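Q: Walk me through the part of this model where the backbone does something unusual. Then follow the packing outward from there and show what each place touches.

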Amino acid sequence: MNTNKIYLIGPTESILTKRGNRFPNMAKFFVEENEEVIYYTSNFYHAEKRFFSKQEINEAVNGLDYKFKILSVLGYYSNVSPRRVISNFLFSVRLFFILLFKVSKHDKILLPSRPVELIFFIAMLKKIKGVKIYLDIQDIWPDALEIENKIKKKVFELYCNLFLNPSLKHYTATLHVAPSFKLWLRRYAEITPSSFVPLGWENERWFSVALKEYEESNIIKMVCVAQLQHQIDVMPILEVLKNNNKLHLTILGEDGTGERYIEVINYINNNAITNIEIIGKINRKDMVDYLENKDIGVLPMITSSLPNKIFDYMAAMLPIIVLGDNDSSNFVVENKIGWQCNFNSEDLNILLKNMKTTDIQSKKKQVVSIRDEFSRDILHKKIKYIIT
């Protein structure tokens with residue numbers, strides 16, 4: 001085994017979490033490549049705003065083949081709150097002092113692009129210890145955190161810039177999961193190198209998917225994998241469904257707690273829309289069964305990104321419709337695996353009315369032809385090349 005260590009830091013992502021597993025997948029890959037991996041995370045479950053139980057931790061770490069370190073944190077109950085800031089700061093400071101006495105200049109540290117406090121303290125660690133540090137730009141603060149209060153938003157921007165301005169220029173290299181995220185990096189660091197490495201899809205989870213030729217039918221079965229949070233707006237799709245019974249939409253992942261859920265369910269009931277099904281949270285492994293029999297994946301996300309669901313659709317061999325002009329629509333159009341339309345029901349209606357069976361067949365074939373390029377088996381090799 002290589003004596004140099006790879007430290008992975010995932011404050012909100014680990015084998016304990018059910019959503020997001022980019023870093024746990026990387027840890028598994030590096031171990032298989034005979035690298036020594038030390039993984040740091042917290043005992044707080046960001047997605048559900050709770051702490052992990054001892055039983056959950058014991059079950060998760062049983063048989064794990066890399067060192068897994070869990071730091072206790074303050075925790076928080078709202079994504080936008082002083083308590084979250086304090087919790088992130090304390091986690092970052094504590095980890096800084098732990099690593100200060102553990103890392104050597106031959107080690108590598110890979111961390112996500114939030115929280116900003118962590119970015120800052122790991123940059124300080126590099127200056128003191130000479131360790132190589134790599135940032136995985138999965139999210140961009142302050143841009144991506146929605147804050148309605150203008151004063152609070154401005155204060156948060158100033159706070160983030162206080163940590164980002166002096167630190168990002170010191171990173172050895174970065175990865176960005178969406179092309180526009182590189183623009184965020186350039187705001188703070190003009191020459192820090194960055195490589196496009198999207199989230200991709202897990203080979204292990206999707207190996208059983210079989211190619212099914214698209215056959216013409218009376219109903220086009222669309223699917224949207226998303227909780228109905230602020231950044232997901234399905235209203236244009238509902239407006240089209242209301243007047244077209246040759247379409248059917250399944251929404252996967254909404255359990256009734258999404259910010260837009262009430263608005264959506266009221267619209268469905270008030271307009272007596274029957275060609276829709278909403279299914280709550282489902283196990284990651286079960287996603288294959290839900291997507292395999294669908295025809296088209298839909299992404300109605302108002303923010304610019306390249307989310308996991310794009311790669312879920314690709315893994316399931318589905319062509320994709322993206323609403324709006326963003327990273328995802330550019331990706332779909334450039335790779336010829338789907339369609340883009342403006343974020344309104346009129347344009348979506350025209351697109352779907354003009355869509356022919358041959359159009360869906362050709363896009364599906366293109367998805368199949370390029371999907372392996374975006375599997376994590378391939379992307380992990382790219383990451384290893386960048387950091388080792």
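A: Lys49 sits in the loop between β3 (44-45) and β4 (50-51). The model is a predicted one. Lys49 is not a glycine, yet its phi is positive, at about 55 degrees. Is Lys49 buried or partly exposed? Its relative accessible area is 21%, and buried means under 20%, so Lys49 counts as partly exposed.

Met317 also has a positive phi without being glycine, with a value near 65 degrees. Its loop runs between α11 (308-315) and β14 (320-323). Here the accessibility falls under the 20% cut-off: Met317 has a relative accessible area of 7%, so it is buried.

Now the peptide bonds. Arg114 and Pro115 are joined by a cis bond, with omega about 5 degrees. Pro115 belongs to the loop between β6 and α4. A cis bond also leads from Trp141 to Pro142, with omega near 5 degrees. Pro142 lies in the loop between β7 (132-137) and α5 (150-164).

Trp141 leads straight to Trp184. What does Trp184 touch beyond residues up to four places away in sequence? Its partners are Ser113, Leu135, Ile137, Ile140, Trp141, Asp143, Leu164 and Leu168. Trp184 itself is in helix α6 (residues 181-188). Its relative accessible area is 2%, so it is buried. Ile140 is 44 residues away along the chain, yet the C-alpha atoms of Trp184 and Ile140 are separated by 6.9 Å.

Leu168 returns the contact. Beyond its neighbours within four places in sequence, Leu168 meets Ile119, Leu135, Trp184, Leu185, Tyr188, Ala189 and Thr192. Leu135 touches both Leu168 and Trp184. Leu168 also ranks among the residues with the most contacts inside the largest nonpolar core, alongside Leu99, Ile109, Ile122, Met222, Leu238 and Leu291. That core has 106 residues. Helix α4 (residues 116-129) gives the most to this core, with seven residues. A separate second core holds 24 residues, including Ile6, Phe30, Tyr66 and Val197. In soluble globular proteins, nonpolar side chains tend to be buried together.

Leu99 carries the picture to helix α3. Leu99 has many contacts in the main core, being listed among those with the most, and it is one of the buried residues of α3. The others buried there are Arg84, Ser87, Asn88, Phe91, Ser92, Leu95, Phe96 and Leu100. An α-helix has 3.6 residues a turn, so residues three or four places apart point the same way. What do the buried residues of α3 pack against? They pack against β1 (5-9), β2 (36-42), β5 (67-71), β6 (108-112) and α4. How does the span of α3 compare with what its residue count should give? Helix α3 (residues 82-100) has 19 residues, and at 1.5 Å a residue it should span 27 Å. Its end C-alpha atoms are 27 Å apart, so the two agree.

Phe30, from the second core, takes us to another helix pair. In α1, Phe30 joins Arg22, Asn25, Met26 and Phe29 in meeting α15. The α15 side brings Arg376, His380, Lys381, Ile383, Lys384 and Ile387. By kind, the residues of this contact divide into five nonpolar, two polar and four charged. Helix α1 (residues 22-32) and helix α15 (residues 376-387) pack at an angle of about 75 degrees, and their axes are 10 Å apart. That angle falls within 65 to 115 degrees, so α1 and α15 are roughly perpendicular to each other.

Ahead of that pair comes Arg19, in the loop between β1 and α1. Arg19 is exposed, with a relative accessible area of 52%. Beyond its neighbours within four places in sequence, Arg19 is in contact with Tyr45, Ala47, Gln227 and Arg284. Val223 is 204 residues away along the chain, and the C-alpha atoms of Arg19 and Val223 are separated by 19 Å.

One last loop, between α5 and β8 (173-176), holds Asn165. Its relative accessibility is 38%, so Asn165 counts as partly exposed. Arg187 is 22 residues away along the chain, with 8.5 Å between the C-alpha atoms of Asn165 and Arg187.

Definitions and conventions
Residues numbered from 1 in each chain as written. Predicted model: local features only at pLDDT ≥ 70, side-chain atom pairs only at ≥ 80, totals over all residues. Heavy atoms only, no water. Axes fitted to C-alpha atoms, helices over the stretch in contact; angles between N-to-C directions. Helix = DSSP H or I, 4+ residues; strand = E, 2+ residues; numbered from the N terminus. Parallel < 35°, antiparallel > 145°, perpendicular 65-115°, else oblique. Contact = heavy atoms within 4.5 Å. Nonpolar A, V, L, I, M, F, W, Y, C, P; charged D, E, K, R; others polar. Core = buried A, V, L, I, M, F, W, Y, C linked by side-chain atoms within 4.5 Å. Buried < 20%, exposed > 50% of the residue type's maximum accessible area, 1.4 Å probe, protein only. Expected span 1.5 Å × (residues − 1).
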